[in-house]
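Got a minute to poke around a protein chain together? Have a look at it first, and then we'll go through some questions.

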Amino acid sequence: MSAPTPRTAAVLLAAGSGTRVGAEVNKVLLPLGDVPVLVWSVRTVLALEGVHRVVLVVRPADQDAVREAVAPHLGSHDLWVVAGGTQRHDSEWRAVQVLRPDIEAGELDVVAIHDAARPLAPASLWRQVVAAAVEHGGAIPVTRVPPLLTRAGRAAPALVAVQTPQAFRAAELLDAHSRAHEDGFVGTDTAACLERYSEVAVVGVPSDAANLKVTFAEDVALAGELLSRGRPD
């Protein structure tokens, strides 16, 4: 008998801007193929089995534009739009607060948090991090960084780059974020908060550079080129 599918909430962080990408609008609203950047992540999470809640965190000024962008792709699904904070950690905390009643009622097993500016994260990666979070407590996608040389000409220790989606058991995530809020702690990402305020084991899940983050203008062009080659499932 197979294990039940984890009841999952997907949080999409889209409260950034278009400053570095050189746009006058939020970069997740820029066109990528036939839809805005943001819609690629929305489509992916809505198609995943076990996703019970989808929370989209955006700047207050972008809420109407974001709702208009995603509405044609929701079908019968519900999507909660939440005003983001001034920092990533604040935006995460606001999303967790929205999910608190479901977490405390035991209706969610896992919360996965993703940068909506990473439109090419495949469904298979989402499934892997959710499954690893159920087993270990937390999971993050990682890619190997090309080796660096020290001044002495020797190779530096191997490094990895951390991506999203990052997934965690829901109860532990809520507890860690609540304790961080009480202390005024601000983490660089979700994993940093869990590492500081929980005993959860956060494991790495192999990913690759195709799960790129749209930061600069050339990233939009590169994402479009990768899409033209076919997006992995």
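Q: Is Val 111 buried or exposed?
A: Let's start from the cut-offs: buried means under 20% relative accessible area, exposed means over 50%, and partly exposed is in between (1.4 Å probe, protein chains only). Val 111 has a relative accessibility of 1%. That puts it under the 20% limit, so Val 111 counts as buried.

Q: Before we go on, what kind of model are we looking at?
A: Residues are numbered from 1 along each chain as its sequence is written, and side-chain values use heavy atoms, with hydrogens and water left out. Local features need pLDDT of at least 70, side-chain atom pairs count only at pLDDT 80 or more, and totals for chains, interfaces and linings use all residues, since the model is predicted.

Q: Which strand holds Val 111?
A: Helices (H or I, at least four residues) and strands (E, at least two) are DSSP runs, numbered from the N terminus. The chain comes to seven helices and ten strands. Among these, Val 111 lies in strand S6.

Q: How far apart in space are Val 111 and Glu 172?
A: Contact means heavy atoms within 4.5 Å, and Val 111 makes contacts beyond its neighbours within four places in sequence, including Ala 9, Leu 99, Phe 168 and Leu 173. Along the sequence, Val 111 and Glu 172 are 61 residues apart. In space, C-alpha to C-alpha, the gap is 9.8 Å.

Q: What share of the chain's contacts between residues at least 6 apart join residues at least 24 apart?
A: The chain has 233 residues, and 48% of them are buried. Taking contacts between residues at least 6 apart in sequence, the share joining residues at least 24 apart is 73%.

Q: Which residues touch the most other members of the largest nonpolar core?
A: A nonpolar core is a set of buried Ala, Val, Leu, Ile, Met, Phe, Trp, Tyr and Cys residues joined through side-chain atoms within 4.5 Å. In soluble globular proteins, nonpolar side chains tend to be buried together. The largest core here has 46 residues, and those touching the most other members are Leu 12, Leu 38, Val 42, Leu 56 and Trp 126.

Q: How many residues are in the other core, the one with Val 57 and Ala 170?
A: Elements giving two or more residues to the largest core include strand S1 (8-14), helix H1 (37-47) and helix H4 (123-136). Apart from that core lies another, with Val 57, Val 111, Ile 140 and Ala 170 among its members. Its count of residues is 27.

Q: How many of the residues of H1 are buried?
A: H1 is mostly covered. Its buried residues include Leu 38, Trp 40 and Val 42. Out of eleven residues, the number buried is nine.

Q: How far from the centre of the Trp 40 ring is the charged end of Arg 43?
A: A charge sits over a ring if NZ of Lys or CZ of Arg is within 6 Å of the ring centre and within 35 degrees of the ring normal. The charged end of Arg 43 sits over the ring of Trp 40, and its distance from the centre is 5.5 Å.

Q: What kind of aromatic pair do Phe 185 and Tyr 197 form?
A: Rings of Phe, Tyr and Trp (its six-membered ring) pair if their centres lie within 6.5 Å; planes under 30 degrees apart count as stacked, over 60 as edge-to-face and the rest as tilted. A search of the whole structure finds one aromatic pair. For Phe 185 and Tyr 197, the centres are 5.6 Å apart with 70° between the planes, which makes the pair edge-to-face.

Q: Which helix holds Tyr 197?
A: Phe 185, buried at 18% relative accessibility, sits in the loop between helix H5 (170-183) and helix H6 (190-197). Tyr 197 is buried too, at 6%. The two are twelve residues apart, and Tyr 197 is in helix H6.

Q: Why is H6 described as largely enclosed by the rest of the structure?
A: The buried residues of H6 pack against elements including helix H3 (88-104), S6 and strand S10 (201-206). H6 is described that way because, of its eight residues, the number buried is six.

Q: Which peptide bond is cis?
A: Pro 165 is found in the loop between strand S8 (160-162) and S9. With omega near 15°, the cis bond is the one from Thr 164 to Pro 165.
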